[in-house]
Every structure is written in C-alpha cells, then in structure tokens.
Amino acid sequence: MDGLLAEWIERALAFVFPDRCVGCGSAGALFCAACRAAARPVADEAPPAGLDAIVVAWRYEGSVRRAVHALKYQRRRRVARVLANALAASLGECPYGDALIPVPLHPERLAERGFNQSAELARHLARRWSLPVLANGLIRQRDTGHQARLRRRERQTNVAGAFAWRAPTPPPARAILVDDVLTTGATLGACAAALRAAGSRQVVALTLARALMSGDHP
Ligand SMILES: [Zn+2]
C-alpha cells in the first residue's frame, strides 16, 4: 500500500480509537510525555570506525525500546513521526550536514515490513529541518541476514561491502546517515565507506537509541 495512504488510514483510525502510548499503554498520546521524560539520554558516544561523528538520542531500554518495537515489528508507521519529533527536539537545529540518508533495508526485508523505519525517521526529520532525504541512492546489495545473532567482529565482516551508492548524481559532500538502533556501528561504518567511495567527504550518523551487545538488539 502507498505510504501516505497507509499513514492516512492509521490517522483516521486513531481519530476513532484514541491513541494508547506505545511505551506504557496509557491513553491519550502515541508516545506520552512521561515516557519521553523517562528516556535516558546517551552522552558522547564515540563514533564507529568510518564515521566523523555520531549522535545517539537515548538508551535502548524501557519505553524507547517498546516504541522501536512498535515501529518495526508491529509496523506502527506513525510511531516514526513521534520518535523523530522527540529526537529533533532533543537535538535542536541540525548542523550536521547537507542531506539525510536512511540506512537501507534489503529489498526482501523491505517487502516483509512494508516500509523502512529509518527512511520514515529521515522523512520526518527532513521535514523539520528543511533538508532533502536521499532514500534511493544508497543500496544494500546483499542481504546481511540477522546481525543480532553475530558477534562484533563477525558483524564487521558480514556487512563489509554490503552497501553501494547507485545514483546518477554523487552523494552529498556532508552526509547524515539515519538509523534506528546503534549496536556495534558496523552497518553505519559500511554505509559510510560506500558514501565516501562515491564522493562524500564527511559522514555523520543520527540514531534513536544505543543497544548493548548482550542480546538486546531488536
Ligand atoms: Zn507512555
């Protein structure tokens, strides 16, 4: 189904059946003020190899984790907007680059889920910051499977060369990668390598949440 149509239908349903918070289940808002306030920030995350900087909003736990699960696994596309707005509110202005580039899903995974959660986040961030979203240039040229089952070193090997820039125009000089959850940063590093190979000079990343390796990846 067309993305905008799906979003419109979800909004119409929300009008008839008022929202429940994806973090705590309370009625009234899709991601309530209490859950936003309870989200613990991550300060000074060291950038993964290949990135100039990374900004991570919250720890991947509690209401944040439940909200990301609602977005990705219950396919609650509207959750992307509230999470993107909360992320943007915590960052203020976006001084990080020229255009937003979501980490792509493999086409098979995209077909399963119906949308790319990182592209949804990027779309809403771009609207707030008046930046372009380049959602089709960076492609995942092979399926890297379920990274969550792999160790750090295996993840790096698994994603090396998995991405490429395939567009008639080069990527932005200062690219902003957008992803939902940061674990080892191996995926972001591989994306950054593809962007640099195609001409980007600076690559930073914005992610919603920081997961630990101990099996708590979505
Ligand atoms: Zn809540």
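Buried means under 20% relative accessible area. Keep that cut-off in mind for the tour, and remember that this is a predicted model.

**Stop 1: Leu51**

Select Leu51, which sits in the loop between helix 2 and strand 1 (53-59). Is this residue buried or exposed? Its relative accessibility is 8%, so Leu51 counts as buried. To see what surrounds Leu51, show the residues in contact with it beyond its neighbours within four places in sequence: Leu177, Leu188, Ala192, Arg196, Val203, Val204 and Ala205. Then try a distance label from Leu51 to Arg166. The two are 115 residues apart along the chain, and their C-alpha atoms are separated by 20 Å.

**Stop 2: Thr207**

Leu188, which you have just seen touching Leu51, is also in contact with Thr207, so select Thr207 next; it is buried, with a relative accessible area of 0%. You will find Thr207 in strand 6 (residues 202-210). Leaving aside neighbours within four places in sequence, its contacts include Ile54, Val55, Val56 and Ala57. Add Leu87, Asp179, Asp180 and Leu182 to the view, and with Leu188 you have the rest of the list.

**Stop 3: Gln202**

Stay in strand 6 and select Gln202. Here the relative accessible area is 26%, and Gln202 is therefore partly exposed. Which residues does Gln202 touch, not counting those up to four places away in sequence? They are Asp52, Tyr96, Ala173, Arg174, Ala175 and Arg196. Arg196 may look familiar, as it is also in contact with Leu51. For a distance label, pick Asp98: Gln202 and Asp98 are 104 residues apart in sequence, with 10.0 Å between their C-alpha atoms.

**Stop 4: the zinc ion**

Now centre the view on the zinc ion. Which protein atoms are its donors? Show the side chains of Cys21, Cys24, Cys32 and Cys35: each gives its SG atom, and these lie 2.2 to 2.4 Å from the zinc ion. The angles among the four donor atoms run from 107 to 116 degrees, and the site is tetrahedral. If you follow the donors along the chain, their spacing reads C-x2-C-x7-C-x2-C. Within this set, the pair Cys21 and Cys32 links distant parts of the chain, 11 residues apart, with both residues in the loop between helix 1 (3-16) and helix 2 (33-38). Colour those two by accessibility and you will see that both Cys21 and Cys32 are buried.

**Stop 5: Arg66**

From the zinc site, select Arg66 in helix 3. Which residues does it touch, not counting those up to four places away in sequence? Arg66 touches Val22 and Gly23. A label between Arg66 and Gly23 shows C-alpha atoms separated by 5.5 Å, although the two are 43 residues apart along the chain. Arg66 has 44% relative accessibility, so it counts as partly exposed.

**Stop 6: two loop residues with positive phi**

Move on to Arg75, in the loop between helix 3 (62-72) and helix 4 (79-91). Its phi is near 55 degrees, a positive value in a residue other than glycine. With 48% relative accessibility, Arg75 counts as partly exposed.

Then jump to Ser130, whose place is in the loop between helix 6 and strand 3. Phi of Ser130 is near 55 degrees, again positive in a residue that is not glycine. Is Ser130 buried or exposed? Its relative accessible area is 66%, so Ser130 is exposed.

**Stop 7: the second largest pocket**

Turn on a surface and look for the second largest pocket, which holds about 250 Å³ of space. To find its centre, select Pro104, Leu110, Asn116, Ala135 and Asn136, the residues nearest to it among the 15 that line the pocket. Helix 5 (107-113), helix 6 (117-129) and strand 3 (138-140) each supply at least two residues of the lining. How do the lining residues divide by character? There are 10 nonpolar, two polar and three charged residues.

**Last stop: Glu108**

Finish in helix 5 with Glu108. At 53% relative accessibility, it counts as exposed. Draw one more label, from Glu108 to Asp143: they are 35 residues apart in sequence and 8.1 Å apart in space, C-alpha to C-alpha.

Methods:
Residues are numbered from 1 along each chain as its sequence is written. This is a predicted model: local features need pLDDT of at least 70, side-chain atom pairs count only at pLDDT 80 or more; totals for chains, interfaces and linings use all residues. Side-chain values use heavy atoms; hydrogens and water are left out. Donors are N, O and S atoms within 2.8 Å of the metal (3.2 Å for Na, K and Ca); water is not among the atoms, so sites may look incomplete. Four donors count as tetrahedral if all angles lie between 85 and 135 degrees; four count as square planar and six as octahedral if opposite donors are over 155 degrees apart and all others between 65 and 115; anything else is irregular. Helices (H or I, at least four residues) and strands (E, at least two) are DSSP runs, numbered from the N terminus. Buried means under 20% relative accessible area, exposed over 50%, partly exposed in between (1.4 Å probe, protein chains only). On a 1 Å grid over the protein atoms alone, a cavity is a set of points where a 1.4 Å probe fits but cannot get out, and a pocket is an open set with protein on both sides within 12 Å along at least five of seven lines; lining residues have an atom within 4 Å of a point. Grid points are joined across faces, edges and corners, and a volume is the space filled by probe spheres set on the points. Ala, Val, Leu, Ile, Met, Phe, Trp, Tyr, Cys and Pro count as nonpolar, Asp, Glu, Lys and Arg as charged, and the others, Gly among them, as polar. Contact means heavy atoms within 4.5 Å.
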